[in-house]
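Student: Could you walk me closely through one part of this model, the sheet and whatever packs around it? I work with coordinates every day, so please give me the cut-offs as you go.

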Amino acid sequence: MQVVKISSLLRTAMPLGAIRSNCHHGPTNTYVIASPIGDLEVISCPKGIHSLGQEKHITDKNFAPDLSTDVILQSQLYQDNGYMYKPVLMCVDWLQKYFHDTAAIKTSQLPPICFSFCKEGAFISQVWKTLPEKVGFGETVSYGELAKMCGNPKASRVAGHAMKTNRVQILIPCHRVIQSNGHLGKYHGGTRNSVKEWLLQHEGALRDK
């Protein structure tokens, strides 16, 4: 089990709505991370990240990005004697580079993702794994192109479903998948379209309006 002691970095507040569960690699823990796009909730086991996403209250109506915000750990649900899983520390470091050192992020290793939540060999899991490998920072791809990258050019709808159900925001960059006509498409069911646009502008994939 890879753990690092970070008790001095965390405040005592706990994230909302988190429930501890078991992965075959070990128990999960839930953390809250401050970021320029609002607080992020991350769930991890000892092997890798299970989920990463903005807190539920963030929508187009209240999205207020602030690039002056550093990426820092704010809380963890289970204190575990002040220890923390290494994949989460790697995630914090990667996100700090993503938002504040875009030159470095292009050569930085992605934090490990634990895919125990999906069926091994399923096409949808192949989509989740292929996207971050083939579509990098500042790039976009259509649903059909993504399906083709995964070996089935006729499976654009499945690729779309994979993006809709993606549980690891930014690390599995579903914001980089757009419609074939150039339209950005919906993000988080259409409730965070401005987040998708901001992320793509941040990466230089869109020109500022």
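Tutor: Gladly; we start at the sheet and work outwards to the helices. The model is predicted, so local features need pLDDT of at least 70 and side-chain atom pairs count only at pLDDT 80 or more, while totals for chains, interfaces and linings use all residues. Residues are numbered from 1 along each chain as its sequence is written, and side-chain values use heavy atoms, with hydrogens and water left out.

The sheet is open and has four strands in the order 6-5-4-7, with antiparallel pairing (strands are DSSP runs of E of at least two residues, helices runs of H or I of at least four, numbered from the N terminus; two strands pair if DSSP finds at least two bridges between them). Strand 6 (49-54) and strand 7 (72-76) are the edges; each has a single partner strand, so one side of each lacks a neighbour in the sheet. From one strand to the next, the twist averages 25° (axes are lines fitted to C-alpha atoms, for helices over the stretch in contact, and angles run from 0 to 180 degrees between N-to-C directions).

Inside the sheet, strand 4 (residues 29-34) pairs with strand 5 (residues 40-44) in the antiparallel sense over five bridges, and valine 32 stands opposite glutamate 41 in strand 5. Strand 5 also pairs with strand 6 in the antiparallel sense over five bridges, with isoleucine 43 opposite serine 51 in strand 6. Strand 5 and strand 6 form a hairpin, with four residues between them. Strand 6 is mostly covered: six of its six residues are buried (under 20% relative accessible area; exposed is over 50% and partly exposed in between, with a 1.4 Å probe and protein chains only).

What lies over the sheet? Helix 1 (residues 86-100) lies across strand 4, strand 5, strand 6 and strand 7, and runs at about 40° to strand 6. Strand 6 also meets helix 6: the buried residues of helix 6 pack against strand 6, helix 1, helix 2 (102-105), helix 4 and strand 10 (contact means heavy atoms within 4.5 Å). Those buried residues are Val195, Lys196, Trp198, Leu199, Leu200 and His202.

Histidine 202, in helix 6 (residues 193-202), deserves a pause. Its relative accessible area is 17%, so histidine 202 is buried. The side chain of histidine 202 reaches the backbone oxygen of tyrosine 98 at 2.8 Å. Leaving aside neighbours within four places in sequence, histidine 202 is in contact with Leu67, Tyr98, Phe99, Thr102 and Phe137. After helix 6 comes glycine 204, whose phi is positive, near 85°.

Helix 4 and strand 10 lead us one layer on. Together with helix 3 (123-134), helix 4 (143-149) and strand 10 (177-178) are among what covers the buried residues of helix 5. In helix 5 (residues 156-164) the buried residues are Ala159, Ala162 and Met163. Seen down the axis of helix 5, they fall within an arc of 100°, so they line one face of the helix (the arc is that of the directions from the helix axis to the C-beta atoms). On the other side of helix 5, Arg157 and Lys164 are exposed.

Note on methods:
Polar contact = N/O pair within 3.5 Å; in protein donor to acceptor, adjacent residues only side chain to side chain.
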